[in-house]
Amino acid sequence: MARDELQRAAESIEEAADATANDEAQDRLRTQAAKFEDYATADHGPDHGQLARHEHILNEIADDEGGDVASNLEDALASISEFRSDLEGV
């Protein structure tokens, strides 16, 4: 089952990784992008708690990096919020 919002989030996170010159931030972002790629096609998507942890990480990196990185991460966070709006639970 493809989850388009999570796929879009993965793509935006990957674009953010490409936009940073910070090696540590780039590694963290690529790890996040890979997780969202997995979530997009997994039998069961992430829950609210998992998404909240990812959002925290992405917001932290966006605050630290700014610019194009932050802009791409805002797009990713919007896609995550869109996915969460239909997610059962909290």
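**Entry 1: ground rules**

I count a contact when heavy atoms lie within 4.5 Å, and I call a residue buried when its relative accessible area is under 20%. With that settled, I looked at what helix 4 leans on: its buried residues pack against helix 1 (4–19), helix 2 (23–41) and helix 3 (48–65). Note to self: this is a predicted model.

**Entry 2: the overall fold**

I went through the secondary structure next and got four helices and zero strands. Along the sequence the pattern reads α-α-α-α.

Then I checked the dimensions. The C-alpha atoms fill a box of roughly 35 × 20 × 15 Å along the principal axes. The radius of gyration is 12 Å, which agrees with the value near 12 Å for a compact globule of 90 residues.

For the surface I got about 5,100 Å² of accessible area, with 42% of that belonging to carbon and sulfur atoms. Of the 90 residues, 38% are buried. I also looked at how far the contacts reach in sequence: among those with a separation of 6 or more, 70% are between residues 24 or more positions apart.

**Entry 3: helix 4**

Back to helix 4, which covers residues 67–85, 19 residues in total. From first C-alpha to last I get 27 Å, close to the 27 Å expected at 1.5 Å a residue.

Which residues of helix 4 are buried? My list has Val69, Ala70, Asn72, Leu73, Ala76, Leu77, Ser79, Ile80 and Phe83. I picked Ser79 and Phe83 from it for a further look.

**Entry 4: Ser79 and Phe83**

Ser79 sits in helix 4. Its relative accessibility is 8%, so Ser79 counts as buried. Setting aside residues up to four places away in sequence, I find Ser79 touching Glu5, Arg8 and Ala9.

Phe83 is in helix 4 too. Phe83 has 12% relative accessibility, and because the cut-off is under 20%, I file Phe83 as buried. Leaving out neighbours within four places in sequence, I list Arg3, Glu5, Leu6, Pro46 and Leu51 as the contacts of Phe83. Glu5 turns up for Ser79 and again for Phe83. I also took a C-alpha distance: Phe83 and Ala9 are 74 residues apart along the chain, yet their C-alpha atoms are separated by 9.7 Å.

**Entry 5: the nonpolar core**

I looked up the largest nonpolar core and got 23 residues. The ones with the most contacts inside this core are Ile13, Leu29, Phe36, Leu58, Leu73 and Ile80. Helix 1, helix 2, helix 3 and helix 4 each give two or more residues to this core. Helix 4 gives the most, with seven residues.

I followed Ile13 outward. Beyond its neighbours within four places in sequence, Ile13 is in contact with Leu29, Gln32, Ala33, Phe36, Leu58, Leu73 and Ala76.

**Entry 6: aromatics**

How many aromatic pairs does a search of the whole structure find? I got one. The rings belong to Phe36 and Tyr39, with centres 5.6 Å apart and planes at 90°, so I put this pair down as edge-to-face.

Where do the two partners lie? Phe36 and Tyr39 are both in helix 2, three residues apart, about one turn of the helix. Both are buried. Phe36 had already come up among the core residues with the most contacts, and as a contact of Ile13.

Definitions and conventions. Residues numbered from 1 in each chain as written. Predicted model: local features only at pLDDT ≥ 70, side-chain atom pairs only at ≥ 80, totals over all residues. Heavy atoms only, no water. Expected span 1.5 Å × (residues − 1). Buried < 20%, exposed > 50% of the residue type's maximum accessible area, 1.4 Å probe, protein only. Phe/Tyr/Trp six-rings, centres within 6.5 Å; stacked < 30°, edge-to-face > 60°. Rg over C-alpha atoms; globule rule 2.2 N^0.38 Å. Areas by Shrake-Rupley, 256 points an atom, 1.4 Å probe, with all protein chains shown as cover. Core = buried A, V, L, I, M, F, W, Y, C linked by side-chain atoms within 4.5 Å.
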